[in-house]
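Colleague: I have the sequence and the coordinates open, and I would like to understand the reasoning behind the labels attached to them. Could you take me through them?

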Amino acid sequence: MEAGTTTSHADHGAHDHIHPPPEGFIRKYVFSLDHKVIAFQYFTMGLIFMMVAGSFGELIRLQLTSPTGAIMSHATYNTMFTMHGTAMVWLVLIPLVTGAAGNFIMPLQIGARDVAFPWLNMLSFWILPVAAIVLFSTFLFGGAHAGWTEYPPVSLADGTAGALWCVAIFLVGISSTMTGLNFLVTIVKMRAPGMTWTRMPLFVWATFATALMNMIATVALSDALAALFFEHVWNVPFFDATRGGSAVLYQHMFWFYSHPAVYIFILPAFGVISEVLPTFSRKPIFGYKLIAFSSMAIAILGFAVWAHHMFPGGLAPWLQLPFMILTFAIGIPTGIKIFSWLATIWGGRLYLTSPMLYAMGFLITFTFGGITGVFLASVPADLHEHGTVYVVAHFHYVVAGGAVLGFLAAIPYWFPKATGRLMDERLSKIGFWLFFIGFNGTFFPMHWLGLEGMPRRYASYAAFAATNPDAVFWNRFETAFSFLMVASVGLLAFNVIWSVRHGKLAGINPWGARTLEWMISSPPPYYNFKKIPIVLDRPYDFDKPLPYRNLDNDVDPYPSPIAAVTGVKPVGAGA
Amino acid sequence: MAATTVAQFDGHDAVAVRYHDVDPVYAETRDIRLLGFVLFLVSDCVFFGAFIFAYLYLRVSAPTWPPVLNGHQLPWFDTAFAALNSVVLFGSGVTMHFALENWKHLNRRKFTSWLIATIVLGIGFLLGQAHEYSLVLKDVSWWGTTMGASFFTLTGLHGFHVFVGVIYLTTLLIQTNRGVYTGSKYFGLTAGTLYWHFVDVIWVALFFLFYLW
């Protein structure tokens, strides 16, 4: 394959010009235009809100240690699960997976000096703290009660708090849309010369599919929120059934965004896994094109399955069938990915470093959550399981066991690139086992509790416990295990802060990885690449020399594995 | 660079200038901005699209349309006046097209006249819409019925877009007077034209859905 087949950025171009780094604290660290600093801002903010929203979750768990509700009033409980979901989705997951991971990794992996519109990128970030203030100000007005979906007519009883909730999420939506647009233009227009579409790293493919959904689907959510806001404030009848409106309409508009949002969380995690597994298996990724195109298939199919969230909610029967079949169909591209990953590690020389542990944990929990999703897609089964904690188990396996675990794999993997130092390997591994055991202990029992009929979102399950006495034991079991996850996140925060100062020096390429970000110094300079590199091939062929020309540094053409850095010895068939 | 570019390609052949030949750095920046702007319009399209979906949903599921309020059958909107107003808006699309073409051919004076005509027609459309609102409000309010809710939300959103467009075009008028754009570097004008045509196209859909259906 020859170089420079697509673009001619190498000889001349707007991005050939290196700007001097900004001076002064404010321009450098607060209102920075640098995608790496913005990613760090997203990361810090996301981690803080993860602790806040996680503590809401712990309050939910504590309440359920007693079937009549242990610690708070029912109204407070409603606010807690509402805010837990809202903050986790919009202030933790979306900012972490697109804002932090996408911003830091994607421009480096395509050999760009920054995103297409750095100023817009800065604006996207700074909208979020404002949105967070508006969101948490709902507590001052009695709190939102209707769950993270805020379905009318229940949410219309929230008054001012409900209206402010709409404003907050509308702001997050604007930020998210702008990030999606920014990333799309960056990936389409600013790849290094020679990086054709089928030479892009798989994380970039995943970010591309994510950005597409971010840009299109989020706008529909904005409409739903605007309409709900109008109804809150001016009593405009969109959703009020007594005046010709329709509450089901809100559900359509909401899920047209919020189902793709699930893929917005999970696709970047897929991208992370597709980078981590080949690096630590020392094998080319299996089925590059299939993984790349299945990301796009998920993105496109993801727009056509939203109503499977509404089967018991008054959806016409003739509509249920196509939505059921399309939802089954989305299991196909997802299955392609799972099998490709398994084939990637099959017979490999596995280095069980902490990112690899997280990635393999991801394979287990995400596959599990995916399979329960197929059960839920079936209309008859869904009518039984909908509104039970079975659904809670399913989406936590997909979101916490999928998106969050994938992101947790990304942290120790790219931390050395971002800071120049490795995270403490032992603490990371302890953190993984705490999270993995705690997570499964918390959510696994919900499967059979849900099938037995334990309702979700109930502050008191005394009626259910009367017929199912074991429910009390299992709920206490779940609560106990959930604190292992708290310990894991606390350990992660400590590890990050400690390692920034005291971690082992990482060097340019501690893992022996092959994508472009590992060809520049750690941390990368302000301009990323002094000379824009030329890409000759895909980055995953571990038995061939590196497919790059025009690199800034002298790098080993066959980057060696990481044993020297971490002391980890390879295992597996290829070792 | 800018000054030489204009002098070099003075005359009617200026359209044939390819950005890449003149200034590759600018060409790349322009490509990036153009894609960004087009994607912005795509997402804006979805913003209208989801509200249009809401309107269709409410209208199709209503027992009667126009709905009945307090036992009183609401009237249809006045198609004749809206058609007249639409002609004003579509006319402004035509004048905007001529404005950009004249800019490309370096006819500054004609460009300015066509652009002013566009702005005047845009303001005319807004005044027409205000007049129509005053008539409609006699029977239908924003918060009274689903008909009012969807009509005022969608046409109001569109009117807001026209209002922003008028301000945008006025800014372009001032900028061109100050010499911000040249014969080969005029991305702001391209974007303004795209935006204005986009607002026109949205109105085609709204006119059909509210007045003809």
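Colleague: What pattern does chain B follow when read along the sequence?

Modeller: This is a predicted model, and in it chain B runs α-α-α-β-β-α-α-α-α along the sequence, which comes to seven helices and two strands.

Colleague: What makes B:Ile119 a buried residue?

Modeller: A residue is called buried if 20 or more other C-beta atoms lie within 10 Å of its own; B:Ile119 has 22 such neighbours, so B:Ile119 counts as buried. B:Ile119 is found in helix α5 of chain B, residues 108-136, and, leaving aside neighbours within four places in sequence, B:Ile119 is in contact with B:Val166, B:Leu169 and B:Thr170. Across chain B, buried residues make up 31% of the 213 residues.

Colleague: What share of the residues in chain A is buried, and why is chain A called as compact as a globular protein of that length?

Modeller: Buried residues make up 57% of the 575 residues in chain A. As for compactness, the radius of gyration of chain A is 24 Å and the globule rule gives 25 Å for 575 residues, so the two values are close and chain A is as compact as a globular protein of that length. The C-alpha trace of chain A spans about 70 × 50 × 50 Å along its principal axes, and the secondary structure of chain A comes to 18 helices and two strands.

Colleague: How do you know that the buried residues of α10(A) line one face of the helix?

Modeller: The residues concerned are A:Pro333, A:Thr334, A:Lys337, A:Trp341, A:Thr344 and A:Ile345, which are buried in α10(A). Seen down the axis of α10(A), these buried residues fall within an arc of 110°, so they line one face of the helix. An α-helix has 3.6 residues a turn, so residues three or four places apart point the same way. What covers the buried residues of α10(A) includes α7, α8 (288-301) and α11 (354-377) of chain A.

Colleague: How does the span of α10(A) compare with the expected one?

Modeller: Helix α10 of chain A, residues 331-345, has 15 residues and reaches 21 Å from its first C-alpha to its last, which is close to the 21 Å expected at 1.5 Å a residue. α10(A) is followed by A:Gly347, whose phi is positive, near 70°.

Colleague: Which residues have the most contacts inside the largest nonpolar core?

Modeller: That core has 228 residues, and those with the most contacts inside it are A:Leu93, A:Ala220, A:Ile273, A:Phe407 and A:Ala409. The element that gives the most to this core is α6(A), with 22 residues. Leaving aside neighbours within four places in sequence, A:Ile273 is in contact with A:Trp341, A:Ala359, A:Phe362, A:Gly406 and A:Ala409; A:Trp341 is one of the buried residues of α10(A).

Colleague: How many residues of each chain are in contact with the other, and which helix of chain A gives the most?

Modeller: 29 residues of chain A are in contact with 26 residues of chain B. On the side of chain A that touches chain B, α5 (160-189), α6 (202-234) and α7 (247-281) each supply at least two residues, and α6(A) gives the most, with eight residues. By class, this side of chain A has 18 nonpolar, eight polar and three charged residues.

Colleague: Why is A:Asn235 called partly exposed, and what is its phi?

Modeller: Partly exposed lies between the limits of 12 or fewer for exposed and 20 or more for buried; A:Asn235 has 14 C-beta neighbours inside 10 Å, so A:Asn235 counts as partly exposed. Its phi is positive, about 60°, although A:Asn235 is not a glycine. A:Asn235 is found in the loop between α6 and α7 of chain A. The reasoning carries over to A:Asn550, which is partly exposed with 17 other C-beta atoms within 10 Å and has a positive phi of about 65°.

Colleague: Which peptide bonds before a proline are cis?

Modeller: Most residues other than glycine have a negative phi, and most peptide bonds are trans. The bond from A:Pro152 to A:Pro153 is cis, with omega near 5°, and the bond from B:Trp65 to B:Pro66 is cis, with omega near 0°. A:Pro153 is found in the loop between α4 (118-136) and α5 of chain A, while B:Pro66 has its place in the loop between α3 (24-61) and β1 (68-69) of chain B.

Notes: Residues numbered from 1 in each chain as written. Chains lettered and ligands numbered in written order. Predicted model: local features only at pLDDT ≥ 70, side-chain atom pairs only at ≥ 80, totals over all residues. Contact = placed C-beta atoms within 7 Å. Helix = DSSP H or I, 4+ residues; strand = E, 2+ residues; numbered from the N terminus. Nonpolar A, V, L, I, M, F, W, Y, C, P; charged D, E, K, R; others polar. Expected span 1.5 Å × (residues − 1). Arc of directions from axis to C-beta. Core = buried A, V, L, I, M, F, W, Y, C linked by C-beta atoms within 7 Å. Rg over C-alpha atoms; globule rule 2.2 N^0.38 Å.
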